[in-house]
Amino acid sequence: MEVALPLLAGVLGLLLGSFGNVVVHRVPEGASVVRPRSACPGCGAEIAARDNVPVVSWLLLRGRCRACGEPISVRYPLFELTCGLLFAAVAWRVGASWLLPGLLLLAWLLLVLAVIDARTRRIPNALTYPLAPVLAALLVVGALLDGDPAAALRIPLAGLAGFAVLLAIALASPRGMGMGDVKLAGVIGLGLGALGWGEVVVGLFGGFLLGGTAAIALLATGARSRRDAIPFGPYLALGAIAALLAGRPIVEAYLATSGLG
Ligand SMILES: [Zn+2]
């Protein structure tokens with residue numbers, strides 16, 4: 001197995017994880033993700049390029065601002081590391097395919113939206129509206145370049161299917177599930193549709209299973225009451241990531257045990 005591709009994707013993931021930290025903090029506030037440059041929330045000192053190297057800078061600075069010594073949350077390097085590892089895993093799983101750029105965008109978007117939803121209980125349209133068409137275009141073109149017109153057709157269909165299924169659930173039980181989750185399911189359908197219908201089913205069903213289990217656990221332990229909204233997006237994202245990395249073996253194991261395969 002070629003290791004150059006996962007390694008390269010991992011480095012790209014670290015860098016985009018660093019940008020993802022900016023997106024996670026600024027997009028919910030409607031702030032620009034380009035300007036101003038990142039600054040220390042303690043003293044306002046701009047963070048120099050040498051102190052902005054993903055993960056490494058945080059370790060070298062021992063988690064403190066160079067100017068004022070204010071602690072920098074471990075969540076920043078952790079997010080970068082997670083993004084780097086996820087990108088490497090996706091590249092490992094997908095290999096040398098033209099679908100890879102689109103699937104890396106999917107992975108990045110899932111991570112960013114999961115963290116934003118967990119923090120703010122919102123899935124911002126400012127991300128889904130512009131990035132869903134970019135994702136669809138990257139994947140459809142990728143599928144065509146791979147010589148797989150069936151996948152190119154399946155991508156928009158699976159996107160619509162994911163959107164429609166969650167829309168039906170959201171309309172049937174408005175509490176808990178919002179339009180943000182419906183749009184996220186559309187994005188997940190687009191992305192996993194590039195791989196196959198089996199992956200789409202595993203991803204969405206996995207998300208429901210995780211979200212439902214978490215909701216029951218939170219209610220049962222009294223950590224949340226029935227009145228609290230439990231953000232569903234992070235579980236949908238987690239299910240989709242699982243399907244992205246392991247959907248094929250899960251589908252094959254199911255078909256084998258059910259005797260359908
Ligand atoms: Zn500072």
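**Exercise 1. In this predicted model, decide whether D51 is buried or exposed, and find the residue with which D51 forms a salt bridge.**

Solution. Begin with the accessibility of the acidic partner: D51 has a relative accessibility of 15%, and because the cut-off for buried is under 20%, D51 counts as buried. Next look for the basic partner, which is R66, with the closest N and O atoms of the pair 2.8 Å apart. Then place both residues on the chain: D51 is in the loop between helix 1 and helix 2 (56–60), while R66 is in the loop between helix 2 and helix 3, so that the pair links distant parts of the chain, 15 residues apart. Finally, R66 itself counts as partly exposed, at 48% relative accessibility, whereas D51 is buried.

**Exercise 2. Classify the two residues of the salt bridge between R37 and E46 by their exposure.**

Solution. The contact comes first: the side chains of R37 and E46 meet with an N to O distance of 3.7 Å, and a salt bridge requires these atoms to lie within 4 Å. The arginine is then assigned from its relative accessible area of 43%, which makes R37 partly exposed. For the glutamate the relative accessible area is 57%, and E46 is therefore exposed, since the class of exposed residues begins over 50%. The pair is part of a total of four salt bridges found by this rule.

**Exercise 3. Work out which residues surround E199, and which network of salt bridges E199 belongs to.**

Solution. Start from the position of E199, which is found in helix 8 and is buried, with a relative accessible area of 1%. Leaving aside residues up to four places away in sequence, E199 touches R93, L192, A243, G247, R248 and V251. Among these neighbours, R93 meets E199 through the side chains in a salt bridge of 3.7 Å, N to O. R93 counts as partly exposed, at 26% relative accessibility, in contrast to the buried E199. Because E199 lies in helix 8 (residues 197–220) and R93 in helix 3, the pair ties together parts that are 106 residues apart in sequence. The last step is to follow shared partners, and salt bridges of this kind join R93, E199 and R248 into one network.

**Exercise 4. Describe the interface between domain 1 and domain 2, giving its buried area and the class of the residues that domain 1 supplies.**

Solution. First set the bounds, with domain 1 covering 1–96 and domain 2 covering 98–261; their centres, taken over C-alpha atoms, are separated by 24 Å. Second, count the contacts, in which 23 residues of domain 1 meet 20 residues of domain 2. Third, consider the area: about 1,800 Å² is buried between domain 1 and domain 2, and carbon and sulfur atoms give 83% of it. Fourth, turn to the polar side of the interface, where the rule finds one salt bridge and three residue pairs in polar contact between the two domains. Fifth, ask which elements of domain 1 take part: helix 1 (4–26) and helix 3 (75–94) each supply at least two residues to the side that touches domain 2, and helix 3 gives the most, with 11 residues. Sorted by class, this side of domain 1 has 17 nonpolar, four polar and two charged residues.

Terms used:
Residues numbered from 1 in each chain as written. Predicted model: local features only at pLDDT ≥ 70, side-chain atom pairs only at ≥ 80, totals over all residues. Heavy atoms only, no water. Domains from an automatic or database assignment. Contact = heavy atoms within 4.5 Å. Buried area = accessible area lost by both parts, 1.4 Å probe. Polar contact = N/O pair within 3.5 Å; in protein donor to acceptor, adjacent residues only side chain to side chain. Helix = DSSP H or I, 4+ residues; strand = E, 2+ residues; numbered from the N terminus. Nonpolar A, V, L, I, M, F, W, Y, C, P; charged D, E, K, R; others polar. Buried < 20%, exposed > 50% of the residue type's maximum accessible area, 1.4 Å probe, protein only.
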